[in-house]
Amino acid sequence: MPRARAGPLACPVTERRLRVGVAGLGRAFGVMLPTLAGDPRIELVAAADPRADATQRFAAEFGGRAHDSVEALCADPRVEVVYVATPHQHHAEHAILAASRGKHVLVEKPMAISLEECRRMIDAAERAGVVLVVGHSHGFDRPIRRTREIIDSGAVGAVRMISAQYYTDFLYRPRRPEELVTAQGGGVVFSQGAHQVDIVRLLGGGRVERVRAAAGAWDPARPTEGAYAALLGFAGGAFASLLYSGYAHFDGDEFCGGVSELGRPKDAGSAPYGSARRNLQRAKGPSEEAALKQARNYGGAEHGRRRSDRTSPPSHEHFGLVVVSCEHADLRPLPDGVMVYGDVEARLDPLPKPEVPRAEVIDELYGGIVHGRAPLHDGRWAMATLEVCLAILASARGNADVVLEHQGAIAP
């Protein structure tokens, strides 16, 4: 089982505010913005991004300092925590830089793109005595955490099997060129596998011993993995099957009653079927596609037009279909709670609507810095998740089982 940690706070308790500086005002920051702006435990005090329009908007909106480099951000004495939301291949460099300046670190998933980078990040945080939290991944989602609590209660017996599936348009959203290069952290295994692996590790006991996988790269114009299927074997005997496709056909949000991944209903105002592929047709080459992505980012022409850019969602976030088969029940986390399919009855264990989206991320960060509580999603946990993602890629390339070598040292 995952090592014991303090659970999420019943409600945000504000003893003081954490002064956060943001490294990278791209899409990840835009998605986290309702959390960072809405949680009373956070004060946004600075940001760094190469786009002057983004940093100027940040300064005007939050009264924070605008920096033109991550180095300058990490040297800012007002900054207590650096949120690293730069591209995947820069996570290690920027997290290590922040730690070396005595800043606590919240780094986006995936933690890095190699285990060696993860080790250097962990070492840097430990040398500096700072807290390192890796997120957001959907393993933070309150329905997933509630499912783990039900398992830990002993009421449904041991976990035997987990099934996780999600289908999205991930590969056809506007991308920078490196996001379509696996070696630079591109493709669905690094970006989306980090979510799915984190979920099943949390629910399955933490330590994965063996991985068998296949992956698909079926569009020559998007030459990276767009789909994968994997079978994970856990210490203790449980196993999990993972399936993900980002090829923009079936919509996995149908598994969750038409609620989007970010907890919002897909109504008549949602984008029509096939819009992701059609939007890409506007882009004549990589530079125009990158410009389309920039327009969606914070400070871009399209950011702020969507309700999701600012307001809290009516439901919890999700990552498609997840079913946990235990000895005496199947558990299914949903945007509004957890369905418990027991021996003699099926019932919903409901959850209240989120007041602040992704508040569980701040619970771990705040608990670690202010209260000295060990976060669940620390560097070693996230490194173990990345090891599984790398094993999926290795197994798919070699068409063979991969035995994980480091889980005993880095996973609970």
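**Surface, fold and valine 188**

Biologist: How much area does the protein expose, and what share do carbon and sulfur atoms supply?

Modeller: The model is predicted: local features need pLDDT of at least 70 and side-chain atom pairs pLDDT 80 or more, while totals for chains, interfaces and linings use all residues. Numbering runs from 1 along each chain as its sequence is written, and side-chain values use heavy atoms, without hydrogens or water. Areas follow Shrake-Rupley with a 1.4 Å probe; for residues, only the protein chains shown count as cover. The protein exposes about 16,400 Å², and carbon and sulfur supply 53%.

Biologist: What radius of gyration does the protein have?

Modeller: The protein holds 12 helices and 15 strands (DSSP runs, H or I of at least four residues and E of at least two, numbered from the N terminus). The globule rule (2.2 Å times the number of residues to the power 0.38, radius over C-alpha atoms) gives 22 Å for 412 residues. The protein comes close to that, so it is as compact as a globular protein of that length, with a radius of gyration of 20 Å.

Biologist: Is valine 188 buried or exposed?

Modeller: Valine 188 lies in helix H7, residues 188-204. Its relative accessibility is 0%. Buried means under 20%, exposed over 50%, partly exposed in between (1.4 Å probe, protein chains only). Valine 188 therefore counts as buried.

Biologist: Which residues are in contact with valine 188, leaving aside neighbours within four places in sequence?

Modeller: Contact means heavy atoms within 4.5 Å. By that test the partners are Phe170, Gly193, Glu225, Gly226, Ala227, Tyr228 and Tyr244.
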